[in-house]
Protein chains: 4
Amino acid sequence: MLRFITAGESHGKCLTGVLEGLPAGLGVDQDFVNLQLQRRQIGYGRGGRMRIEKDEIEITSGVRFGRTLGSPVGFLIRNRDWQNWEGIMSAAPVTEGADKRAVTRPRPGHVDLPGALKYHTYDARDVLERASARETAARVAGGAFCQLFLGSFGIRVGSHVIAIGNERAGDEHTNLEAGAILGIDPLSPVRCADAAAEERMKSLIDSAKQTGDTVGGLIEVIACSVPPGLGNHTQWDRRLDGRLAQAMMSIPAAKAVEIGQGVEGGDSTGLPIAQEVSRRASRTGRTCESGFT
Amino acid sequence: MLRFITAGESHGKCLTGVLEGLPAGLGVDQDFVNLQLQRRQIGYGRGGRMRIEKDEIEITSGVRFGRTLGSPVGFLIRNRDWQNWEGIMSAAPVTEGADKRAVTRPRPGHVDLPGALKYHTYDARDVLERASARETAARVAGGAFCQLFLGSFGIRVGSHVIAIGNERAGDEHTNLEAGAILGIDPLSPVRCADAAAEERMKSLIDSAKQTGDTVGGLIEVIACSVPPGLGNHTQWDRRLDGRLAQAMMSIPAAKAVEIGQGVEGGDSTGLPIAQEVSRRASRTGRTCESGFT
Amino acid sequence: MLRFITAGESHGKCLTGVLEGLPAGLGVDQDFVNLQLQRRQIGYGRGGRMRIEKDEIEITSGVRFGRTLGSPVGFLIRNRDWQNWEGIMSAAPVTEGADKRAVTRPRPGHVDLPGALKYHTYDARDVLERASARETAARVAGGAFCQLFLGSFGIRVGSHVIAIGNERAGDEHTNLEAGAILGIDPLSPVRCADAAAEERMKSLIDSAKQTGDTVGGLIEVIACSVPPGLGNHTQWDRRLDGRLAQAMMSIPAAKAVEIGQGVEGGDSTGLPIAQEVSRRASRTGRTCESGFT
Amino acid sequence: MLRFITAGESHGKCLTGVLEGLPAGLGVDQDFVNLQLQRRQIGYGRGGRMRIEKDEIEITSGVRFGRTLGSPVGFLIRNRDWQNWEGIMSAAPVTEGADKRAVTRPRPGHVDLPGALKYHTYDARDVLERASARETAARVAGGAFCQLFLGSFGIRVGSHVIAIGNERAGDEHTNLEAGAILGIDPLSPVRCADAAAEERMKSLIDSAKQTGDTVGGLIEVIACSVPPGLGNHTQWDRRLDGRLAQAMMSIPAAKAVEIGQGVEGGDSTGLPIAQEVSRRASRTGRTCESGFT
C-alpha cells in the first residue's frame with residue numbers, strides 16, 4: 001500500500017513530501033522528477049513567480065545510490081525566495097511591529113473567508129498559504145516517483161490540452177493515438193497538438209491577463225499498457241474510477257472530471273458510444289482511455 | 001471519523017453494511033432509510049427484479065430504542081429471492097452436478113473479462129456478483145443514516161434529473177431554487193421538474209428498452225444549509241471536492257462529475273462564470289451548489 | 001491490505017463481521033471457523049451463557065462453493081437467546097412501560113461509568129453491551145479466516161496456558177517444542193500441557209467462582225513456519241511487534257503483552273538472554289517465539 | 001484525526017516528520033520540543049554519537065508566529081555529521097570505487113539478515129539505516145507536539161525508571177505520587193527517583209559497556225488529568241489500551257508492555273488487585289495509571 005502526505009505553505013521555507021510503500025530497488029532518476037516540476041512551471045501565462053523560481057527536488061531519505069531502499073522516500077522543494085518571506089512566514093514568534101503582510105480582504109472563490117471563519121483568524125494568510133496551488137508541486141514530485149514505478153511495468157502516462165476557454169483543438173488533434181500524445185514535447189508551454197489552435201489559445205490567455213480575467217480549459221490524460229484487472233471493484237472506496245476522480249478533483253482548479261466518454265455518454269445512448277469506442281480503439285490503438293475534463 | 005464498509009453479492013443471501021462513527025443519541029427513522037431504498041428501486045425503466053423485490057433494512061446493531069448507541073451501526077438488506085439462488089450462490093461446497101449458472105460469455109463494458117483474468121476463474125459470476133449495481137443498495141442505506149446525521153444540523157440533500165439521453169428539462173426547470181428541488185415527490189419515477197420533458201424521457205427509455213439499448217443522463221445534487229468551512233484544504237486526500245467526486249464516480253454507471261459550473265467553466269473565462277453564479281444565487285437563494293454530471 | 005470491522009451488541013440480534021482483502025480462491029472450512037468459536041466458549045469456568053449457546057458462523061457473502069471470491073467476506077454470529085432480549089435491545093422505539101433492564105449501578109473496572117458520562121446516557125447498558133467480551137467472538141471468527149489464509153503458506157498458530165493465577169505449569173511444560181503446543185487437544189477446557197497443574201488451576205477457578213472473585217493468567221502464543229522478513233520496519237505503525245501488541249491488548253481482559261523474552265529481558269543483560277534463546281531454539285526447534293502475557 | 005508519518009535514515013541528511021491534524025492556534029514552544037530531543041540523547045551509557053550531536057528541530061511548515069495553522073506540521077532533524085556520511089548515504093548514483101561502508105556481516109537480533117533477504121540487497125546498510133533507533137528521534141519530536149496539545153487540556157505525561165537490569169528502585173520510589181514523577185529533573189541521565197539505586201544502575205551500565213553486553217530495564221509512564229471516557233471501546237482497532245501498546249511496542253527495544261497492574265495481575269486474583277489499586281489511588285492521588293514494561 002502506498003501512502004503519500006505533503007506539508008508546506010506557499011511562501012514557507014519549503015514543501016515537504018513523504019511517499020511510503022515504493023518497493024526497494026527502483027531506479028530513481030532525479031532529472032525525470034525535476035523535469036515534471038519544470039513542466040508544472042512553464043505553462044503559458046503562469047505568474048511571475050514561476051519565471052524567477054526553478055523548483056528542484058532535494059531527496060532527504062529513502063533513496064541511496066540512485067535506488068529506493070524500501071523505506072519512506074522523503075523530499076523537499078525549497079522556496080527559492082525564502083529570504084524575502086522569512087519574516088512574514090516565520091515559525092518562531094515575531095516582534096509586534098513586524099511586517100506580517102496580513103490578508104484581511106478575502107478573495108472570492110478562495111478559501112480566505114471560510115478558512116478565516118473556520119480557523120478563527122483575522123489574517124487569511126494563515127489559511128491561504130496552504131490552500132495555494134503551490135501545494136501541487138509536492139504532488140507533482142510524488143507523482144513523478146509513481147510514474148517511475150509504473151514505468152517499471154511499462155505503463156506510461158501522458159496528457160495534452162484539448163481546449164483553453166472556447167479555443168479548441170481540431171477534431172483530428174483531439175482523438176489522438178497514444179504515441180502522438182506521449183510524443184508531445186514535455187516543455188511545450190501549452191501542450192496542444194494543434195499548432196494553429198495553440199496560437200489562438202495563447203492569444204486568449206494574453207487577453208485574459210490584460211483584463212484581469214481567468215480562463216478555463218480541458219485536458220486529456222491517458223495511461224498506456226495498463227494491464228487488465230488493475231483496480232478493485234470490491235468496495236466503494238477502492239474502485240479505480242473513484243480514486244482517479246478524487247485525485248483529479250482535489251486539485252484546486254479542477255471542477256469536473258470524466259472517464260472515457262464521460263459527459264458525452266450522458267447525452268447519448270449506449271450503442272453509439274460502444275461503436276465509437278470500438279472505432280477509436282481500432283484507429284488509435286487505444287483500447288482504454290481516460291479523459292479528465 | 002466515519003468508516004463505512006459493505007459486503008454482499010447481488011444474488012447472495014443479503015447485503016451487509018457497517019457504519020461506524022455516528023455519535024450516540026441520533027434519532028434513527030427506519031422509515032426514512034427504507035424510503036431511500038424504495039426510491040432506488042422505482043426509477044422508470046428499472047428491470048423486473050426491482051418490481052418483485054422491496055428492499056428493507058434490518059438493523060442488527062448500534063441502534064436501541066430508535067437512537068444510535070455510538071457503537072457501529074450494522075444492517076442487512078435481504079435478498080427476497082434467496083430461495084431461488086441458494087444453490088447457485090451457496091457458501092458451502094456443492095455437489096458436482098449442481099446448477100451453478102456459470103457465466104462464461106463475458107459482457108462488454110462489465111467486469112466479467114478483466115475480473116475473470118484477475119481472479120483466475122472460469123465462471124465470471126464469481127466476480128460480477130459483487131461488481132453488480134445492487135451493491136449500491138447498501139450505500140443508499142448507509143447514506144440515509146448520514147442524511148439523518150446531517151439533518152440534525154439542518155443540512156438537507158436533494159437531487160433532480162436534468163437530462164435523460166438527449167431529452168433535457170427546459171432552462172426554467174434546471175436552475176431551480178433549492179426548495180423546488182427538495183420539494184419534488186420522493187417517489188417520482190423520473191424525478192424531473194419539467195413534466196413535459198419527463199414524458200419525453202419516459203418515451204426515450206421505453207424505446208431504448210425495446211431496442212436493447214441503454215440511455216445516459218444528467219442529475220444535479222444539492223446540499224442546503226451547509227456551514228461555511230466544511231471540508232478541509234490541508235491535504236490532498238481530505239479536500240471535499242475530491243471526496244465528493246470519489247463517492248460519485250465509484251458508482252458503477254457514473255462516468256463524469258462536476259462541482260458548481262464544472263464542465264461549463266472549462267469553456268469559459270472566470271468573470272462571466274462569477275457573474276452567473278452571483279445571478280443564480282440571488283435568484284434561487286442558493287449560495288452554494290454542487291452538480292454531478 | 002486486509003480490513004476487518006465488526007459490529008454488534010452482546011445481547012443484540014447478532015454480531016456482524018466484514019473481512020476484506022482475502023485473495024480469491026482460498027478454501028473456507030466452516031467447521032474450522034466454528035471449532036475456533038467453540039474453543040472460545042468451552043474455557044473452564046466460563047459463565048452459564050456459554051453452556052446454553054453454541055456460536056456458529058453464518059457466512060453471508062464473499063464465499064461461494066467453499067472458496068473465497070475476493071470480495072468482502074461478511075458473516076453473522078447469531079444470538080441464540082435473542083427472543084428473550086428482543087424487547088430489551090430493540091432497534092425500534094418501544095412503548096414507555098417496556099422492561100429495558102436499564103443498568104444504573106455502574107460496575108467498577110468496566111466501561112459503565114466513563115461510558116455513561118461520555119455518551120450521555122442514564123442506562124449504562126447503552127455502552128456496556130458493546131464493550132462486552134462477547135465482541136471478541138467476531139474477532140475469533142475473523143481470526144479463523146486469517147488462520148486459513150496463513151495456513152495456505154504453511155504457517156500455523158498455536159497457544160497454551162502457562163499459568164492461571166499463582167498456579168503455574170512446570171518448567172518442562174512451559175518451554176515446549178512447537179509441535180507439542182500445536183498438538184494440544186483443541187477442546188481442552190484449560191489448555192495447559194501440565195496435567196497436574198491443570199487440576200490445580202481448575203480448583204483455583206472453582207474457588208474464585210465461589211468467592212465471587214476473578215483470576216488472572218498467562219498464555220503463550222506461537223506462530224510456526226513464519227518466513228524471515230515478515231513485518232515491516234519502515235514506519236512506526238507498520239512494525240509487527242506493535243501490531244501484534246495492539247491486537248492482543250485490545251482484548252478487554254489483556255493487560256500485558258510481551259514478545260520473546262519480554263518481561264524477563266527487562267531484568268537481565270543481553271548476553272544470557274541471547275544464549276538462552278539459542279539454547280531453547282536448538283532444543284525445541286523454535287527459532288522465533290512470541291509470548292503474550 | 002491525527003496522522004503522523006516519519007522518514008529518514010540514521011546517517012542520512014535528516015529525519016523528516018509530518019504531523020497532521022493538530023488544531024489551529026496551538027502555541028508551539030520549540031524549546032520544549034528540543035528539550036525532549038535532548039532528553040532522548042542524555043541517557044546514561046548512550047553511545048558517542050549522542051555526545052557529539054545535539055538534535056534540534058527545524059520546523060518547515062504548519063507553524064507561524066509561534067502558533068499552529070491547522071495545516072500539516074512539517075519538521076526536520078538534521079544529521080550534524082552529514083558531511084562525513086554524504087558519500088556513504090548519497091541519494092545520487094556514485095562512482096564505482098566509492099567507500100560505501102557496506103555491511104555484509106549481519107548482527108544477530110537486528111533487521112540485518114531478514115532485511116537483506118526481504119529487500120534483496122547484499123549491503124545490510126540499505127535496511128539497517130532505517131531500522132535504527134535513531135528513527136525514534138522523529139517520534140520524540142512528534143510526541144512533543146502532541147504533549148503541547150494535551151497540555152492545552154491540562155493533561156501531563158511523565159515517566160521514571162523503575163529498574164535497570166536487576167537493579168531496582170526501592171518500593172517507596174516505585175509507587176510514586178504523580179507529582180513526584182512529573183517533578184523529576186528532565187535532564188536526569190537515569191531518571192530514577194531512588195538516588196542510591198541510580199548509582200547502582202550506573203555501575204551496572206558501566207560494567208555492561210566494558211563487557212560488550214547490554215542491559216534491560218523497566219520504566220513507568222503516567223498521564224495525569226486524563227478526562228474519563230478518553231478512548232473508544234467500539235472497535236478493536238480504536239481501543240486505547242491497544243493503541244498505547246502498539247505505540248510502545250513499535251519502539252525497537254521495547255519487548256513488553258503492561259497497563260495498570262498488568263503482569264502482576266496475571267499472577268493474582270481480582271479482589272486483591274482491586275484493593276491495591278484503590279489503596280494506591282488514595283495514597284498517591286492517581287486514579288488511573290499506565291505502566292509500560
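## Polar and charged contacts between chains B and A

Between chain B and chain A there are 35 residue pairs in polar contact, both residues being at pLDDT 80 or more; a polar contact is a pair of N or O atoms within 3.5 Å, where within protein one must be able to donate a hydrogen and the other to accept it, and residues adjacent in sequence count only if both atoms are side-chain atoms. The side of chain B that touches chain A draws two or more residues from each of several elements, among them E1, helix H3 (112–118), helix H4 (125–131), H5, helix H8 (240–249) and helix H10 (270–284) of chain B, and H8(B) provides the largest share, 6 residues. Helices (H or I, at least four residues) and strands (E, at least two) are DSSP runs, numbered from the N terminus.

The model is a predicted one, in which local features need pLDDT of at least 70, side-chain atom pairs count only at pLDDT 80 or more, and totals for chains, interfaces and linings use all residues. Residues are numbered from 1 along each chain as its sequence is written, chains are lettered from A and ligands numbered from 1 in the order in which they are written, and side-chain values use heavy atoms, with hydrogens and water left out.

The count of salt bridges between chain B and chain A is 2, a salt bridge being a side-chain nitrogen of Lys or Arg within 4 Å of a carboxyl oxygen of Asp or Glu. Asp241(A) and Lys255(B) meet through their side chains in a salt bridge, at 2.8 Å from N to O.

## Extent of the B–A interface

The contact (heavy atoms within 4.5 Å) takes 55 residues from chain B and 55 residues from chain A. About 4500 Å² is buried between the two chains, with carbon and sulfur atoms giving 54%; buried area is the accessible area (1.4 Å probe) that two parts lose on being put together, summed over both. Of the area that chain B buries against chain A, His233(B), Trp236(B) and Gln246(B) supply 16%, more than any other three residues.

## Symmetry of the copies

Chain B is superposed on chain A by a rotation of 180° with 0.0 Å of shift along its axis, at an RMSD of 0.0 Å, the fit being by least squares on the C-alpha atoms of residues with pLDDT of at least 70 in both copies. In chain B, the C-alpha nearest the axis belongs to Gln246(B), 2.3 Å from it. Because 100% of the interface residues of chain B are also interface residues in chain A, the copies meet through the same surface.

Chain D can likewise be laid on chain C by a turn of 180° and a shift of 0.0 Å along the axis, with an RMSD of 0.0 Å, which is the relation of a two-fold axis. Gln246(D) has the C-alpha nearest that axis in chain D, at 2.3 Å.

## Sheet and packed helices

Chain B contains an open sheet of 4 strands in the order E1-E2-E6-E3, with antiparallel pairing, where two strands pair if DSSP finds at least two bridges between them. Its edge strands are E1 (3–7) and E3 (57–61) of chain B. E3(B) and strand E6 (residues 73–78) of chain B pair over 4 bridges, and Phe75(B) in E6(B) is the bridge partner of Ile59(B).

Helix H1 (residues 30–41) of chain B lies across E3 and E6 of chain B, running at about 130° to E3(B); axes are lines fitted to C-alpha atoms, for helices over the stretch in contact, and angles run from 0 to 180 degrees between N-to-C directions.
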